[in-house]
Amino acid sequence: MTNKRSGRTRLFTRLLTTIVGVLAVIVSLPALASAAPVTVIPGLPPIEIPGAPTTPKPTPKPKPAPTTEDTPGTPGIPNVKTSTGWIALAEDSTHTITWWHNGEVVKTMPISMGTNAHPTPNGVYHTREHYRDMYMDSSTYGVPVDSAEGYRTYVEYATRMSNDGIFIHAAPWSVAQQGKSNASHGCINVSTANGKWVFDNIPRGTPIVVRGTVGGQYDGN
């Protein structure tokens, strides 16, 4: 009789434990919403709870697109040899000259080159003598000073680019045109401050590439 009661007691205890365990699972369902879908109850096999979401993985942030050496508005460096580490590009389309040193852009400045009547030829020039100041005279290339196209003009910070009279020099009288249109007789006009910068910083033998004018091709003189 005692054994039968003990057996019934153990059976009742197991049944009560199972019911309590199931009730505990139901009560804890809200707390399991962010848990893994498989829950283990002591004394019972793993129970899979349908619909229980897993913790979402964070979405990786997209990597920034790689940048290139050329930034918007900056031209590519011309493929020319340089013995000084400096290279310049004067573009008629933008009326600017850009200076690189050891492959890095150092300075961009507005310019005014030769008009259609006196265009600056395209090609590769090299800087030569530097003049703190000088007179530019049209008679040096066959145009009399007193003619309609003649001139004799005092300029500052002039750096020769060719033997036939093309310079990059300060031209305060054409600042309004610099960066916008061409107004010179073939030289590259810059402001006084920019002319001084070229005079002070650019060594002799530096290549200056002129591109996009109506002036044909520079013959190297």
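The questions below concern the nonpolar cores, one helix and one loop residue of a predicted model. Local features need pLDDT of at least 70, side-chain atom pairs count only at pLDDT 80 or more, and totals for chains, interfaces and linings use all residues. Residues are numbered from 1 along each chain as its sequence is written, and side-chain values use heavy atoms, without hydrogens and water.

Q: Which strand supplies the largest share of the largest nonpolar core?
A: A nonpolar core is a set of buried Ala, Val, Leu, Ile, Met, Phe, Trp, Tyr and Cys residues joined through side-chain atoms within 4.5 Å. Buried means under 20% relative accessible area, exposed over 50%, partly exposed in between (1.4 Å probe, protein chains only). This core has 20 residues; Ile97, Trp99, Met161, Ile168 and Ile188 touch the most other members. S3, S4, S10, H2 and S11 each supply at least two residues, and the largest share, three residues, comes from S3.

Q: Where do the buried residues of H2 lie around the axis?
A: Helices (H or I, at least four residues) and strands (E, at least two) are DSSP runs, numbered from the N terminus. In H2, the buried residues are Asn194, Gly195, Trp197 and Val198. Their arc, taken from the directions from the helix axis to the C-beta atoms, is only 155°, so they lie on the same side of H2.

Q: Is Thr140 buried or exposed?
A: Thr140 sits in the loop between strand S7 (130–137) and strand S8 (152–160). Its relative accessible area is 67%, so Thr140 is exposed.
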